[in-house]
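Work through the exercises below with the sequence and the model side by side. Try each task before you read its solution.

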Amino acid sequence: MIEEELIRLRRHFHKYAEPAWMEFLTTAKIIEELKNYNLDLYYGKEIYFNKRMGLPEKSILESYKNSISISNIEKKEEILDSYTGLIAVLDTKKIGPNIGFRFDIDANELCESNSLGHLPNILNFSSKNSFAMHACGHDAHMSIGIELAKILASNIKKLKGKIIFIFQPAEEGVRGAYSLMNNPIIDKLDYLAGMHIGMDVKSGEIGVGSHGFLATKKIDIIFKGKASHAGASPEKGHNALLAASSAVLNFNSLAQHSMGEARINVGKLNAGSGRNIIANIAKIEMEIRGENDHIISYLYDGVNRIVEGSAISYGCSYEIEIKGQAPSLISYDEEFIKNLRNYYKEKSYKLVDANLKGSEDIAYLLNEVRKAGGKTVHFILGSNLKDSHHSEEFDINEKDMLRGVDLMVDFVKYIEKIDKIDYERIENENIAYRI
């Protein structure tokens with residue numbers, strides 16, 4: 001029954017894939033699924049305490065909003081204003097730990113394959129939106145989160161403390177987690193767990209304590225020059241395309257550092273208006289990644305120097321805007337992770353090394369809980385993938401979702417087993433605590 005529900009949910013979310021800050025139907029569906037359970041639901045503007053980075057252009061948002069219909073739920077207009085996502089709280093009314101789970105909900109900006117061998121095509125649940133596809137498994141993540149919330153809410157009498165389910169928007173482009181920072185619900189977490197499906201881990205295997213989180217910044221750069229006739233008066237123009245090209249070539253000199261891994265990539269460069277016109281505008285969309293925050297600072301400072309130098313060389317002005325970012329991961333509590341791994345081994349899970357080899361904005365949330373003295377973990381849920389993450393042919397092994405639910409249920413059982421703090425005494429004596 002649970003497996004059937006997971007597949008039903010996953011295929012629904014896959015069919016109605018929505019990219020960052022446009023998860024309108026997605027948010028409404030999560031609310032619909034959880035509203036009849038013993039959960040306090042928070043959504044809309046009330047869960048946002050920081051700036052939202054990298055919002056889509058208004059014309060794109062309006063076009064999509066006009067193409068869909070959402071049921072009349074509370075705060076509908078706020079959701080449609082890109083205050084997407086949801087935090088659900090299961091309050092047992094018994095003193096105990098605050099356990100958090102985070103599940104990302106956005107899709108990739110990608111057109112899904114129309115291949116006849118692609119399972120979503122065969123079973124008619126491929127994305128209805130040509131501009132979005134769940135090519136990273138977030139459809140599975142939120143399906144696991146919804147079923148986990150339902151199971152725990154149905155067993156509330158066996159639990160203590162609070163369990164918080166964070167359905168986070170805009171993970172792609174690392175934009176969403178930062179926006180939810182400083183939320184008092186999240187600030188009170190004693191434990192926080194995150195999870196990602198796939199990531200080169202096979203079906204039947206799990207990783208406990210993912211590592212390899214790279215800090216990152218997603219950057220847009222605009223060079224503004226002056227247009228002029230390319231034949232009659234080229235000297236009167238200031239070529240923004242050449243300024244941008246110069247910058248792109250020089251960026252590659254930055255991608256090396258003795259303190260660890262460094263990455264830099266220009267994914268997009270658009271410039272000019274015609275072949276016989278000196279280009280008066282150019283836009284670069286790029287990213288930098290680093291093994292630690294020091295490397296990211298080094299790369300970002302270098303990008304700024306190169307952009308300034310290129311602008312001066314070609315008589316252009318420039319603007320630099322961060323469209324998304326995530327930090328590297330603060331170290332886990334080693335003893336907690338060691339004991340947690342032993343616990344899962346005893347329960348017959350097959351553990352493997354969990355190397356994320358990328359960037360994930362859950363690092364913001366994990367780091368904040370660690371800074372406050374809490375315990376954190378990130379899992380990788382193995383799944384045999386049809387193709388790599390972020391590809392048009394991406395697909396998961398749907399049977400692995402049930403193991404993901406079991407993994408999270410067992411995490412709650414473990415925390416409730418090991419958590420020996422006398423919360424009642426602390427509350428009565430007004431003592432500040434952190435595990």
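The exercises that follow move from domains to single residues, cysteines and charged pairs.

This is a predicted model, in which local features need pLDDT of at least 70 and side-chain atom pairs count only at pLDDT 80 or more, while totals for chains, interfaces and linings use all residues. Residues are numbered from 1 along each chain as its sequence is written, and side-chain values use heavy atoms, with hydrogens and water left out.

**Exercise 1. State which domains are assigned and how many residues of each are in contact with the other.**

Solution. Start with the assignment, whose bounds come from an automatic or database domain assignment: domain 1 covers 1-213 + 328-423, and domain 2 covers 215-325. Next, take the C-alpha centres of domain 1 and domain 2, which lie 34 Å apart. Finally, count contacts (heavy atoms within 4.5 Å): 11 residues of domain 1 touch 11 residues of domain 2.

**Exercise 2. Describe where threonine 376 is found and decide whether it is buried or exposed.**

Solution. First locate threonine 376 in strand β14, residues 375-381; strands (E, at least two residues) and helices (H or I, at least four) are DSSP runs, numbered from the N terminus. Then apply the accessibility classes, in which buried means under 20% relative accessible area, exposed over 50%, and partly exposed in between (1.4 Å probe, protein chains only). Threonine 376 is buried because its relative accessibility is 1%. Last, leave aside neighbours within four places in sequence, and the contacts of threonine 376 are Leu192, Tyr332, Phe336, Ile337, Leu366, Val369 and Arg370.

**Exercise 3. Find how many disulfides the structure has, and explain why cysteine 111 is in no bond with cysteine 136.**

Solution. A disulfide is a covalent bond between the sulfur atoms of two cysteines, and here the test is a pair of cysteine sulfur atoms within 2.5 Å. Searching the whole structure gives zero disulfides. The closest cysteine sulfur to that of cysteine 111 belongs to cysteine 136 and is 17 Å away, so the two are too far apart for a bond. As for their surroundings, cysteine 111 is partly exposed, at 45% relative accessibility, whereas cysteine 136 is buried, at 6%.

**Exercise 4. Examine the salt bridge of arginine 102 and aspartate 361, and say where in the chain each partner lies.**

Solution. Side chains of opposite charge can pair when their charged atoms come close. The rule asks for a side-chain nitrogen of Lys or Arg within 4 Å of a carboxyl oxygen of Asp or Glu, and by this rule there are 30 salt bridges. Arginine 102 and aspartate 361 meet at 2.8 Å, N to O. This pair links distant parts of the chain, since arginine 102 is in strand β3 (residues 98-104) and aspartate 361 is in the loop between β13 (355-358) and α12 (362-371), 259 residues apart. Arginine 102 counts as buried at 0% relative accessibility, and aspartate 361 counts as buried at 0% as well.

**Exercise 5. Describe the salt bridge of lysine 371 and glutamate 368, and classify the accessibility of each partner.**

Solution. Begin with the distance: the side chains of lysine 371 and glutamate 368 meet at 3.3 Å, N to O. Then note that both lie in helix α12, three residues apart, about one turn of the helix. Lysine 371 is exposed, with a relative accessible area of 59%, while glutamate 368 is partly exposed, with 32%.
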